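Colleague: I am new to this structure, and I would like to understand how its descriptive words are justified. Could you show it to me and then take me through the reasoning?

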Amino acid sequence: MPTPPRLRAVSFALFFALAAAPAALAQNTFGFDPTGVYLDPSGVLRARKIDDGGKFIALLNRAAAKDEDKQLRYISLPKLFAEVRKHIDAGTPIPDDLKYLGGMTKLKYLFVRPDEKDLILAGLAEPYDTKSADRPLGLHTGRPVLQLDDLVLALRTTGPGRAGQAFGCKIDMPKENMQKMMQKLAGMTGVVKQFPDQDGQVAKAMAQAAGEQQIDFLNLKADSRLAYVAVEADYLLKRMVIGLDKPPIKGVVTYLSTQTTPDPVSNRFWFEVSYEPLIASADGNAFEIRGQSLKINTRQHFTYAPGEDKEATPSAKQYAAHVTKHFERLSQAIPAFADLANLSDLSLAAALIGSDKLHDKAQWDMTWVLDEKGYEVAKVKVPTTAETLVNSKRTTRMVIFVGGGVLLSYGEVTGKREKDEGKLAASNKGTGGEVSVLVKP
C-alpha cells in the first residue's frame, strides 16, 4: 500500500525479550502488577499513567549520598540452596532473606574456593521493602533486589550445558496487521494533510486498525517472572521511544522528538548485553563483572522479505546511542529496566559457571537446582498479546509506530577477560568478607 504524500511510517520494530528456562510452581500463580503497565481481563498488555509523586527521582537523588550504606553481600550458592531445600522438604516458608538474596541489588563478583568446596556470588546490598512481593525495592536506591527464582531460571537457561544459548521473545506485527494499518493511513490522506491531530486521532485510528500483537517466546516458558519483566521493559521502552511516555530523567529525549523530517525507512530498537571485559584472576577462581549490563541497538525494520533487515538510519543510531548513554540513570527511575539488568547479570554469572565449569571446581552438585521438579519456580501471569502503540508528530506530518525489545547472549561476553592484578585473588582468600548462606561482612 503506498504511503500518503509527505508522510512516512517511521520505526516499526520486531520485539525481542529476555528469556529463561521453563520452570514453574504449579499451585502458586500470582498476578504481576508493575509500574506503568497492566494486564486487562483478557490478558492484553496495556499502559497506565502513574503519578508516583517523584518517588523514583527522589530515590535517584538520594542514592549518590547513600554510598556508605551500600554493603557488599557474599552468598554461598551451595549453602544457599541447601538451606532452601531444608525449608522445602520441611514444608516451611522460605525466609525473605533467602528469597531475595539478602537484599542484593547489583551483582559484582563471582568467586570459587575449591578447598572449601564453595561457589560465591558477591554484590551490593541494602535494606529492602517487601510490600511488593513481585518486585521488592532497595530502600536507599529504589533498585529492585535480585531474586532466588530468577537465579534458578538463569542457571537453567545459560548455565551448565547451555552457556552459548541465546534467548528471547518477540511481540510481532503480523504482515496482515501491518497492511490493515497502512490501508487505514492511506484512507486518511486528506485528514493527515491537515493533521488536526492534537488528540492523536490519526494514531488512535491506526492502532485500532492494526489490532493486537501476539507475544511469542524463545527458549522461555511464558509463565515466569523473567518473561514478564522482559515484556514489561520492552513495552516501556517502546512507549518512551515514540513519545507516549515522557522520559523520567532530565536530558533524555524521545525518538519522535528528534525527527525534524520523516525517516525514509522504518527502524527497530532493542536491548542487548553491554559489558566490559571480565576481570579474571590467574587461577580462574575470581571474576569481576563490569559494565552497565544493557544497551540499546537498532536496525531497519524487517519488512517480511528475505535480506531486507539492513543497517539503521543515522538518526536511529544516534538515538540508540543516546538511550544507551543514559541507561543507568534511566534504570534507576524505571524499575523494569533495572530489573532486566539484574536478570542479565544473573544470566551472565550462570553462563560463566557453565563455560568455566565453576560448579565442578567447587564440587557443587547442581542436579536438584537444575531439575524443574526439584526447586519449582513460581508461575506469573504473563500477557499473551500487546496493544499496538502508535504516535504522531503534527509539525513533521509523521506517524511513528516503533517497537523495542531484548535479545541477550553471553558466549562472547564470557570469553573477553582482562588479567587481575591481585585484588580479586586477595578477596577470594577471605579478606573480602565472611561468607556463609547470607552474611553481612
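Colleague: What share of the residues in the chain is buried?

Modeller: In this predicted model, buried residues make up 57% of the 441 residues in the chain, where a residue counts as buried if its relative accessible area is under 20%. The chain exposes about 18400 Å², and carbon and sulfur atoms supply 50% of that area.

Colleague: How many helices and strands are there in the chain, and what share of the contacts joins residues at least 24 apart?

Modeller: The chain holds 16 helices and 21 strands. If one takes the contacts between residues at least 6 apart in sequence, 80% of them join residues at least 24 apart.

Colleague: What makes helix α4 mostly covered?

Modeller: Helix α4 spans residues 148–158, and 11 of its 11 residues are buried. Among them are the charged residues D149, D150 and R156, along with leucines such as L148, L151, L153 and L155.

Colleague: Which residues make the contact between α2 and α4, and how do they divide by class?

Modeller: Helix α2, residues 77–90, packs against α4 at an angle of about 115 degrees, with the two axes 13 Å apart, and their crossing is left-handed. From α2 the contact takes L77, L80, F81 and V84, and from α4 it takes L148, L151, V152 and L155. By class these residues divide into 8 nonpolar, no polar and no charged, since Leu, Phe and Val all count as nonpolar.

Colleague: Why is α4 called oblique to α12?

Modeller: The two helices pack at an angle of about 45 degrees, with their axes 8 Å apart. Roughly parallel would need an angle under 35 degrees, and roughly perpendicular would need one from 65 to 115, so α4 is oblique to α12. The crossing of α4 and α12 is right-handed.

Colleague: Which residues of α4 and α12 meet there?

Modeller: On the α4 side they are D150, L151, A154, L155 and T158, and on the α12 side they are L343, L346, S347, A350, A351 and I353. The classes in this contact are 8 nonpolar, 2 polar and 1 charged residues. L151 and L155 of α4 also appear in the contact with α2.

Colleague: What makes α8 and α12 oblique to each other?

Modeller: Helix α8, residues 225–241, and helix α12, residues 335–355, pack at an angle of about 135 degrees, with their axes 9 Å apart. Roughly perpendicular runs from 65 to 115 degrees, while roughly antiparallel needs an angle over 145, and α8 and α12 are therefore oblique to each other. α8 passes α12 in a left-handed crossing. The contact involves R225, L226, V229, A230, E232, A233, L236 and L237 of α8, together with A336, F337, D339, L340 and L343 of α12. These residues divide into 10 nonpolar, no polar and 3 charged.

Colleague: How do you know that L226 is buried, and how far apart are L226 and L343 in space?

Modeller: L226 lies in helix α8. The cut-off for buried is under 20%, and L226 has 1% relative accessibility, so it counts as buried. L226 and L343 are 117 residues apart in sequence, and their C-alpha atoms are 7.4 Å apart in space.

Colleague: Why is A321 called partly exposed?

Modeller: A321, a residue of helix α10 (residues 314–325), has 45% relative accessibility. Buried would require under 20% and exposed over 50%, so A321 counts as partly exposed. The C-alpha atoms of A321 and N297 are separated by 7.8 Å, and the two residues are 24 apart along the chain.

Colleague: What is the phi of S293 and of Q363, and is each of these residues buried or exposed?

Modeller: S293, in strand β15 (residues 293–300), has a phi near 80 degrees, which is a positive value in a residue other than glycine. Its relative accessibility is 0%, under the 20% cut-off, so S293 counts as buried. Q363 is found in the loop between α13 and α14, and Q363 also has a positive phi, about 55 degrees, although it is not a glycine. With 54% relative accessibility, over the 50% cut-off, Q363 therefore counts as exposed.

Key: Residues numbered from 1 in each chain as written. Predicted model: local features only at pLDDT ≥ 70, side-chain atom pairs only at ≥ 80, totals over all residues. Heavy atoms only, no water. Axes fitted to C-alpha atoms, helices over the stretch in contact; angles between N-to-C directions. Helix = DSSP H or I, 4+ residues; strand = E, 2+ residues; numbered from the N terminus. Left-handed = near helix turned anticlockwise from the far one by under 90°. Contact = heavy atoms within 4.5 Å. Buried < 20%, exposed > 50% of the residue type's maximum accessible area, 1.4 Å probe, protein only. Areas by Shrake-Rupley, 256 points an atom, 1.4 Å probe, with all protein chains shown as cover.
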